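Student: I am new to this structure and would like a close look at a single part of it. Could you take me through that part slowly, in one connected account?

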Amino acid sequence: MIYFNNVSKVYNKDSIALEDVTFTVKEGEFVSVVGHSGAGKTTLVKMILAEDVPTEGTVFFESLDIHKLKSSDLTKFRRRIGVVFQDFKLLSSKTAFENIAFAMEAVGKTEEEIRSDVPHVLDLVDLGNKANHFPYQMSGGEKQRLSIARAIINQPEIIIADEPTGNLDPVNTYEIVQILKKINDLGTTIILTTHNKGVIDSVKKRVITLERGKIVRDDKDGKYSI
Amino acid sequence: MILLKRIIKSGFKNFKRSGLISWAAILVVTITLFVITTIILFQAVLHFSLNQIKDKVDVTIYFNVGASQDQINSLEDSLKQLPEVASVTYTSSDEALALFRERHNADYSTIAALDEINANPLGGYLNIKAKEISQYETIANFLKGDSLSVSGFNSIIDKVDYNQNKLVIDKLNGIIAGAQKLGFLITLLLIIISIIITFNTIRLAIFFSKEEIGVMRLVGASKMRVRGPFMIEGAIYGIVATLITLVLFWPITFWLGRNMTSFLGLNLYSYYLSNLFQIFIIVLLSGIFLGMVSSLLAVRRYLNK
């Protein structure tokens with residue numbers, strides 16, 4: 001589904017974010033990418049979202065070369081991906097309901113679909129009673145659950161979660177991981193970046209370990225080992 | 001259609017929620033529109049004053065006493081045919097006498113002297129107004145030209161006062177051209193400064209939404225869906241600022257109308273009221289254009305991805 005082909009990203013000669021990275025993610029997989037801060041996890045995510053361009057190599061999503069897409073095709077491509085960030089990246093001027101509705105509007109869903117689906121997905125992440133709250137009125141765990149709800153609302157083919165538990169306490173971390181596992185069980189591919197040992201050990205799925213921009217390990221049933 | 005509806009709805013919602021930032025932007029757009037309205041009124045006063053001055057300038061041909069009416073009529077006709085001439089008015093010698101008596105009715109010795117002569121010493125005259133001040137020269141040249149002497153008009157003309165007026169006309173010509181040029185330059189300068197300030201304020205307002213713009217794009221929103229609400233917000237700034245500006249000018253022009261009419265030569269309050277619709281349209285379009293274009297340019301910076 002996703003194919004990294006000898007991808008390197010060099011910001012300057014002292015700052016090499018990714019070096020000759022090659023790996024494949026199959027449909028329905030749950031892949032954790034682990035590494036210390038600065039190992040290149042976020043750069044890798046940016047490559048998939050086409051937020052950044054590789055210095056060398058190519059990244060394919062099915063048959064699409066992500067970095068050769070035109071602006072309008074890039075918009076369509078991004079609609080096939082759900083993204084969850086460490087800092088949530090919610091729209092601060094919109095309520096919980098509107099944050100999710102915006103993602104639905106972006107893909108052209110009708111008002112009726114929005115009215116029926118948003119409360120459903122908010123219930124799913126246990127935020128049914130917070131529909132009219134703005135992000136600043138919510139806790140870290142609630143914000144992250146909202147961000148997951150936004151990521152799954154359009155039934156994307158893949159969810160990319162970039163350190164989704166980085167700002168959360170252990171209880172909220174556990175909840176988020178359980179939600180992600182459930183989504184994966186329903187068939188959605190998940191790429192999770194983290195440096196949280198507990199998260200990796202509880203997921204018990206494939207683990208790619210990055211060190212200074214290079215893949216140093218790729219274990220099928222991985223455990224946290226840095 | 002559904003996209004447009006959503007964009008408009010979002011624009012209004014954003015405007016309501018931006019609070020103080022929205023009002024800061026409105027304040028700056030209001031200042032710009034205030035400058036534009038002031039310029040409109042300034043131009044009206046300038047235009048009015050210049051027209052009044054222009055109206056006072058003319059060229060008069062005085063005829064000899066007893067000049068033949070046919071010749072006068074034929075000169076009047078040929079003058080009317082000149083493209084530069086706006087109007088020609090003939091005052092016969094009898095009318096000239098009546099006017100003279102009227103003007104000097106308090107001056108007994110003059111009237112007595114006139115009665116003593118027992119004849120009309122005054123000739124008739126033609127009063128010529130040109131369309132533009134600069135065209136008096138052409139008309140004067142026509143009066144000096146050969147065609148006139150060939151037709152024998154020279155014999156009936158006593159004098160043409162163009163040469164006496166020439167200095168004044170030339171000076172006025174310079175002043176009017178200068179005033180118009182200066183007015184245009186001041187207008188241009190003020191408008192450019194206002195636009196730059198407005199643009200920067202709106203850019204600052206949108207800067208706070210920089211992150212959100214990025215997130216919207218990551219969620220898969222099209223450029224238009226991201227840009228649209230900001231442009232609607234910009235248009236709302238323009239509309240609200242227009243209303244504030246027009247309301248502010250109500251008491252201002254009222255005061256100017258009451259206290260400054262004799263100085264300005266024009267009652268600005270009645271001018272403002274009678275031209276309110278045109279002023280409203282100009283100010284509204286400027287406001288909306290300014291708000292929308294500033295927003296468009298400001299968002300474009302963050303829409304690259």
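Tutor: Leu185(B) lies in helix α8 of chain B, which covers residues 162–207, and it is a good place to begin, with the reminder that the model is predicted. Together with Phe184(B), Leu188(B), Ile192(B) and Ile196(B), Leu185(B) forms a nonpolar patch on the surface, and the accessible area of these residues together is about 490 Å².

For a setting of another kind we can turn to chain A, whose secondary structure comes to seven helices and 10 strands. Of the 226 residues in chain A, 52% are buried, while the chain exposes about 10,300 Å², with 47% of that area supplied by carbon and sulfur atoms. If we take the contacts in chain A with a separation of 6 or more, 66% of them are between residues 24 or more positions apart.

One part of chain A that can be followed strand by strand is an open sheet of four strands, arranged in the order β2-β1-β4-β5 with antiparallel pairing. The edges of this sheet are β2 (15–25) and β5 (64–65) of chain A, and each has a single partner strand, so one side of each is left without a neighbour in the sheet. Further in, strand β1 (residues 2–12) of chain A pairs with strand β4 (residues 56–61) of chain A in the antiparallel sense, over five bridges; Ile2(A), for example, has Phe61(A) in β4(A) as its bridge partner.

Across β1, β2 and β4 of chain A lies helix α1 (residues 41–48) of chain A, which runs at about 120° to β1(A). Helix α1(A) is mostly covered, since six of its eight residues are buried, and the buried residues are Lys41(A), Thr43(A), Leu44(A), Val45(A), Met47(A) and Ile48(A). Just after α1(A) comes Ala50(A), which takes a positive phi of about 60°.

A last residue to look at in chain A is Glu142(A), which has its place in helix α5 (residues 140–152) of chain A. The relative accessibility of Glu142(A) is 15%, and because buried means under 20% relative accessible area, Glu142(A) counts as buried. When its neighbours within four places in sequence are left aside, Glu142(A) is in contact with Leu127(A) and Lys130(A).

Terms used: Residues are numbered from 1 along each chain as its sequence is written. Chains are lettered from A and ligands numbered from 1 in the order in which they are written. This is a predicted model: local features need pLDDT of at least 70, side-chain atom pairs count only at pLDDT 80 or more; totals for chains, interfaces and linings use all residues. Side-chain values use heavy atoms; hydrogens and water are left out. Patches are made of residues with over 30% relative accessible area and no salt bridge: like charges are joined within 9 Å, nonpolar side chains (Val, Leu, Ile, Met, Phe, Trp, Tyr) within 5 Å. Accessible areas come from the Shrake-Rupley method with a 1.4 Å probe; for residues, only the protein chains shown count as cover. A salt bridge is a side-chain nitrogen of Lys or Arg within 4 Å of a carboxyl oxygen of Asp or Glu. Helices (H or I, at least four residues) and strands (E, at least two) are DSSP runs, numbered from the N terminus. Buried means under 20% relative accessible area, exposed over 50%, partly exposed in between (1.4 Å probe, protein chains only). Contact means heavy atoms within 4.5 Å. Two strands pair if DSSP finds at least two bridges between them. Axes are lines fitted to C-alpha atoms, for helices over the stretch in contact, and angles run from 0 to 180 degrees between N-to-C directions.
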